[in-house]
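Work through the two exercises below with the structure in view, and try each task before reading its solution.

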Amino acid sequence: MMSDNLYQISIDSIPLNVVVYRYIDNEFVIVDFNHLVEQTEQLDRKSLLNKKLLDVFPADKEFGLYDVLEQVYQTGKTQTLDKELYHDDRLQGWRKNTVVKLPNQDVMAIYEDLTAIKQLEQEKDRRQFQLEKMQEIARLGSWTWNMLTDEIEWSNEVFKLFDEPPQSFKPTFQRFLSYIDDADQPALMDAIDQAIKNKSPYQFEHWIRLASTGRSVYLLESGKVQYDEKGQPLMMFGVVQDITEYKLNLDQLQSLGLIIDNSFNEVFVFDAETLKFTYLNQSALKNLGYTLDEVRRMEPYQINPAFSSRQQFVDELLEPLISGKKASVIHETVHRRKDGTEYDVQVRIQKMQLSGKEAFVVMANDITDIKKQQKKSEIAQARYQTLFNLSPVGILLVDPATQKAFEFNVTAHQQLGYSAAEFADLTIADYEALEQPEEIATKVAQFKVGEEVSFTTQHKTKTGDIRDVMVFVQLIDLYDHLALFAVFQDITELKRNERALETASLRFNLAAEVGSMGVWEWDLETDELIWDDNMRRLYDLEGGQSIDHYRQWRNMLTPEDLQAVEGSIDDAMKTGAELNTEFQLRTPKGREKHIQVMAAFVKDDNGKPIKMVGVNWDVSQRKQYERALEEYAYIDPLTQVANRRQFDQTFENEWRRGERNQSPLSLLMIDIDFFKAFNDSLGHQEGDDCLQQVAKAIDSSASRAGELTARYGGEEFVVLLPNNDADKAARMAETIRQNIESLKLPHPDSSISDHVTISVGFTTADFIDQPSSHTPSQLLKLADEALYQAKKAGRNRVCRN
């Protein structure tokens, strides 16, 4: 090996592959390389040293490295060959080469094996493609908005939702607003402003009118803001979903949306003897949040929560390197930042000689986003597979070339009487009963990508039975190949009986509208009920439990809901309209559920209703969501006490109650002393924690029935005390002041105390001894003036106006 003096540092200390070439007799000859090259290329030193490059690596010519070596040798200018595929009979992989010319005219190539990264990129592309296909099927579009450049990116499905050809123009925020009705725009802007201000997600519903059809479509916009380290908004990302069906009281589609962030490479060096850090690059320091001086006093296990001690770190991770069993160790772990947050990393550790001393060199790659991506993909795949396998209709993915199904659900092969292994060997012609193989091949060849085709045909079972089926087929592009996506449903019984056909058709149409929900029939003449398995699951029926008659079902409803439902049934019977209503029930397991019902009548030849056919589905979660939204409108999200809106409403009500009952009403106005200085000194996170603890202490102090604590704005709070005269209000105010002081929250920039204190001003409206000429706003003003007096008098005190 050449002298290290030629390179200034030992090339074995470089944690990348390094090879030195010399141009001899119009050929490049390998004259030096580091140990990492032997490991990467799986060749020993004898197989490489002083060999012609193309004799050892003949594919370097096609790979492009040889031409770059010649150009650098001739021009002396450094060049990079970025992420190209190398392939020969021995190995293949993706390489990134940086080529420089040395002072002695040799040429040095420094390269990385990027195969794993390339595979991740290809996997990301594949998953992105699957995501777009899923979005297309779910009518769900995703978007990102760069708030610094005003650049917006829409997925293809967003363009379709806005009735535009996919990727036909570059979206901007103003272009987006042009689709929204003028009356809806202020509310949308307010929702976005609140999301930015409160650092919380937002949802906004609006309607648009499609230019091509004139049809009105309701959309649900959901978004979340990404901030920089200073808390400034950078990006907003989210999804848009067609909720027109939901507006018509149908089941709401679930949104999905996935965004992948870039990761950063980190480099660490720590001493092999002391295990103290000696060097971290800027990416590592920035990601961990430490200064170099701080981290030099630390050991690697202290940033890795997987290890509780130095010894555990040495035994489990470094021992193979120390003993020489391995040249490098690669594993996935977690790093902990200075602020306590954690992120996933993949690390590669090697033992090297640096400046005459043994050291461990670590290269770490932040894989947090990849982990999240993989987890979300696994969840999405699991959900898809569950729905796929539990579907009551046969679902196939068929290779158009072989006409064999390469993926299918249980229903597909069981309906035809075959095992899964048997069905996998069948072609379409093996179970198609009406068309010959030549006719099938012609029909398959005529399918176009994206075109949906439906038809009825007959299938032959393993035992020879002929079954009527309804088939839905679409030719789809699965990224790397085409496939026929086919869904078939056995409709034999529908063909056999016209009445059954009408009933089952109605059940199918209703089920198609609302999704996989419970389907039922009610015979109006016999009072008998027929429920499918989904209805039984919906009503928590187990074992031999059954609801066979309408009178049994009536007993599950509350008297109020039963009266409302039966009134709706009578109205539907009189008008001939469909039944669409909700009710609440208690199941045999004691669970309360909110149920949505849609139904229609089946009539005989004379127009007399003889059956009612309908569907039920559980809307309990939607009801909870609506209640949560209503509660959210009256609660301050940071402190979890009442917000200004709830205070204003309660204040008006209590004022009128005091006038009516001639009972006193007291109002406390509270301000945290020197809170701005607290925020400036300790930061907004500590400021938020302070507001939360102060609010909790105030609310705990004023906890009797009717008393209300509310955040009035910023660091100001108000306490409403009905039926409390001035003396009681004074005692309450002093109690609250003492309770806040007893929290002992450190306040380094207060000029009156070492801890957080408050100033309180209060006033009382006495509707007996005082005239009722005052208004609620005047009482607020008096309390505010009293608060000003408390501050002027030195703070940390109570004053009355």
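**Exercise 1: the sheet**

Task: find the order of the five strands in the open sheet, and explain which strands stand at the edges.

Solution: The five strands of this open sheet follow the order β27-β28-β26-β29-β30, with mixed pairing, where strands are DSSP E runs of at least two residues and helices are H or I runs of at least four, numbered from the N terminus, and two strands pair if DSSP finds at least two bridges between them. The edges are taken by β27 (708–713) and β30 (798–800), and each has a single partner strand, so one side of each is left without a neighbour in the sheet. From one strand to the next, the twist averages 20°. The model is predicted, so local features need pLDDT of at least 70 and side-chain atom pairs pLDDT 80 or more, while totals for chains, interfaces and linings use all residues. Residues are numbered from 1 along each chain as its sequence is written, and side-chain values use heavy atoms, without hydrogens and water.

**Exercise 2: two helices**

Task: describe how α25 and α29 pack, and which residues meet.

Solution: Begin with the geometry: α25 (residues 644–661) and α29 (residues 776–792) pack at about 110°, their axes 10 Å apart, with axes fitted to C-alpha atoms, for helices over the stretch in contact, and angles running from 0 to 180 degrees between N-to-C directions. That makes α25 roughly perpendicular to α29, a term for angles of 65 to 115 degrees. Next, look at the residues: F647, F651, E652 and W655 in α25 meet P776, L779 and L780 in α29, contact meaning heavy atoms within 4.5 Å.

How values were computed: Parallel < 35°, antiparallel > 145°, perpendicular 65-115°, else oblique.
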